[in-house]
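Reader: I would like a close look at the enclosed empty space in this model, taken slowly and with the surroundings included. Please start there and follow whichever elements lead onward to other parts of the chain.

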Amino acid sequence: MRHVETIESWVGTINGLVWGPPMLVLILGTGLFLMIGLRLMPLLKLGFGFRMLWAGRHAQGQGNITPFNALMTSLAATIGTGNIAGVATAIAIGGPGALFWMWCTALVGMATKYAEGVLAVKYREVDEKGNYVGGPMYYIKNGLGRRWLWLGTAFAIFGGLAGFGIGNMVQANSVSHALSGKFAIPELWSGIAMAVMVGLVLIGGIRWIAQVAGKLVPFMAIAYVVGGLVVLAFNIEKIPEAIYQIVLHAFSPTAAAGGFAGATLMLGIQMGVARGIFSNEAGLGSAPIAHAAAQSNDPIQQGTVAMLGTFIDTIIICTITGLVIMVTGEWMSGETGAGLSAAAFSAGLPSVGGYIVTFGLALFAFTTILGWSVYGERCMEYLFGIHAIVPFRLVWVAVIPVGATLELDFIWLVADTLNALMAIPNLVALLLLSPVVFRMTHDYFADPINRRVVT
């Protein structure tokens with residue numbers, strides 16, 4: 001028992017280091033550097049990105065899945081417990097100001113996601129099965145050269161391991177606990193049912209996953225957003241005060257109130273950035289793995305589609321969750337995680353709100369398991385070749401019931417640590433390859449033909 005406690009303490013120490021101030025500066029600094037180097041293009045061309053997404057419902061070039069479904073696959077992995085439990089945890093521990101820092105992370109994260117999407121398509125490869133594969137390990141390998149191969153290998157190792165935690169067991173655990181609490185469904189039953197459904201989808205590989213994501217993600221996101229907007233409409237007079245509190249506490253400590261224990265300024269920033277990255281994954285290096293498979297020959301166009309993932313995930317969905325928690329006053333209740341979000345929605349929509357959170361969490365987490373299976377599979381393929389795909393899928397499905405039935409505090413800690421270790425190689429690569437992204441972007445939008453398309 002003492003050895004287990006020692007390991008937990010050791011991992012906790014590492015987690016404190018990798019998510020400390022240097023990491024926060026690296027994430028926000030990289031995003032800010034890219035945003036400035038791109039001359040605010042991700043913000044100025046947001047409308048163009050949505051037009052490219054709409055056009056991307058159909059193939060735009062070579063690849064395995066449509067540009068639209070590439071974003072849906074990315075969002076399937078991104079929209080999950082972070083949007084419900086992550087936002088609530090950030091506010092419950094860091095105070096209302098944490099939501100402000102989530103917004104900042106998302107705004108500069110749009111530039112990060114854009115750069116990831118551009119490089120994913122530019123440096124992707126075709127494997128022995130004819131699948132288009134890419135992501136940080138490939139743009140490190142093909143963009144930075146042999147001297148940096150170790151960095152790509154490090155990303156693939158961390159990414160492959162992180163998936164089993166953050167993209168699998170943690171998600172399965174969230175679903176089983178939510179269904180158990182609301183409908184008294186045994187956690188093992190939920191785990192087995194999820195394993196069967198995920199296994200059936202994985203048989204078809206990324207094409208089937210993308211098709212399922214393309215149907216489920218828009219439905220579940222719209223349903224959750226509508227539910228949240230109804231709560232906000234009923235409390236519309238409280239929204240200005242909620243926004244004021246969010247901005248105020250972003251730059252000052254949050255005093256104890258109700259069941260809220262209070263938070264320092266640094267804790268608010270740390271929780272906002274860490275939960276923001278957990279939610280939208282900008283800089284993590286996961287999303288470009290999905291975008292590399294897009295049926296597009298234009299890295300810039302796919303990059304503008306990729307950046308929408310951060311906007312939709314955090315600026316829209318996380319903001320709605322956060323505002324619902326604020327306007328209902330539940331942030332001072334002492335609750336945390338998904339329980340806080342459920343309490344807030346239930347307060348805003350009695351008898352209905354709890355079901356919105358429960359079903360939202362279940363669908364979000366299920367699609368996250370599907371999306372992250374793509375990421376983990378690509379990492380394993382990079383490390384061990386295509387023969388690793390089937391064994392990986394079998395293990396992936398097998399651990400779902402395990403995650404559904406265990407207490408995962410330690411797994412959360414390990415997964416959170418591995419997330420940070422994934423981000424470091426990716427952020428280094430983005431900084432080193434930023435001149436390529438800047439040049440390609442400038443040339444694209446300077447072209448009169450492309451400029452006509454944009455305007």
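Author: The largest cavity has a volume of about 80 Å³, a value that, like those that follow, was computed from a predicted model. Of the 13 residues that line this largest cavity, those closest to its centre are Ala77, Ile166, Gln171, Phe278 and Glu281. Four helices, namely H5 (67–78), H6 (81–94), H9 (149–183) and H17, each supply at least two residues of the lining. The search over the whole structure finds 4 cavities of 30 Å³ or more. As for the principle behind such a search, rolling a probe the size of a water molecule over the atoms shows where empty space is left.

Several of these helices also appear around the open space. The largest pocket has a volume of about 550 Å³, and among the 24 residues that line the largest pocket, Ala85, Ser174, Gly337, Ala338 and Gly339 lie closest to its centre. At least two lining residues of the largest pocket come from each of H6, H9, H13, helix H16 (337–348), H17 and helix H19 (409–446), while the largest share, 6 residues, comes from H9. Helices H6, H9 and H17 therefore have a part in both linings, since each supplies at least two residues to the largest cavity and each supplies at least two to the largest pocket, as the definition of a lining residue allows.

Helix H13, one of the contributors to the lining of the largest pocket, leads on to a loop. Gly283 is found there, between helix H13 (265–280) and helix H14 (287–291), and at 3% relative accessibility Gly283 counts as buried, because buried means under 20% relative accessible area. Once neighbours within four places in sequence are left aside, Gly283 is in contact with Thr112, Glu116, Ala423, Asn426 and Leu427. A C-alpha to C-alpha distance of 16 Å separates Gly283 from Ala415, although the two are 132 residues apart in sequence.

Helix H17, which has already been met in both linings, is also the place of Glu377. Glu377 is buried, with a relative accessible area of 7%, and, leaving aside its neighbours within four places in sequence, it is in contact with Ile389, Phe392 and Arg393. With Arg393, Glu377 forms a salt bridge in which the closest N and O atoms are 2.8 Å apart. This pair links distant parts of the chain, with Arg393 in helix H18 (residues 389–405) and Glu377 in helix H17 (residues 353–384), 16 residues apart.

A second pair in that helix brings the side chains of Glu381 and Arg378 together in a salt bridge, at 3.5 Å from N to O. Glu381 and Arg378 are 3 residues apart in helix H17, so about one helical turn separates them. Both partners are buried: Glu381 has a relative accessible area of 6%, and Arg378 has one of 3%. Taken together, Glu377, Arg378, Glu381 and Arg393 are linked in a network of salt bridges. In general terms, side chains of opposite charge can pair when their charged atoms come close.

The structure holds 4 salt bridges, and one of them joins the side chains of Lys141 and Glu125, at 3.0 Å from N to O. Lys141 lies in helix H8 and Glu125 in strand S1 (residues 125–126), so this pair ties together parts that are 16 residues apart in sequence. Here the partners are not buried: Lys141, at 33% relative accessibility, counts as partly exposed, and Glu125 is likewise partly exposed, at 23%. In helix H8 (residues 136–144) the buried residues are Pro136, Met137, Tyr138, Tyr139, Ile140 and Leu144. Just after H8, Gly145 takes a positive phi of about 95°.

A last feature turns from the interior to the surface, where Leu188, Trp189, Ile192, Val196, Leu200, Ile203 and Trp208 form a nonpolar patch with about 770 Å² of accessible area together. Helix H10 (residues 187–202) gives the most to this nonpolar patch, with 5 residues. Trp189 is found in helix H10, and with a relative accessible area of 58% Trp189 is exposed, because exposed means over 50% on that scale.

Technical notes: Residues are numbered from 1 along each chain as its sequence is written. This is a predicted model: local features need pLDDT of at least 70, side-chain atom pairs count only at pLDDT 80 or more; totals for chains, interfaces and linings use all residues. Side-chain values use heavy atoms; hydrogens and water are left out. Buried means under 20% relative accessible area, exposed over 50%, partly exposed in between (1.4 Å probe, protein chains only). Patches are made of residues with over 30% relative accessible area and no salt bridge: like charges are joined within 9 Å, nonpolar side chains (Val, Leu, Ile, Met, Phe, Trp, Tyr) within 5 Å. Accessible areas come from the Shrake-Rupley method with a 1.4 Å probe; for residues, only the protein chains shown count as cover. Contact means heavy atoms within 4.5 Å. On a 1 Å grid over the protein atoms alone, a cavity is a set of points where a 1.4 Å probe fits but cannot get out, and a pocket is an open set with protein on both sides within 12 Å along at least five of seven lines; lining residues have an atom within 4 Å of a point. Grid points are joined across faces, edges and corners, and a volume is the space filled by probe spheres set on the points.
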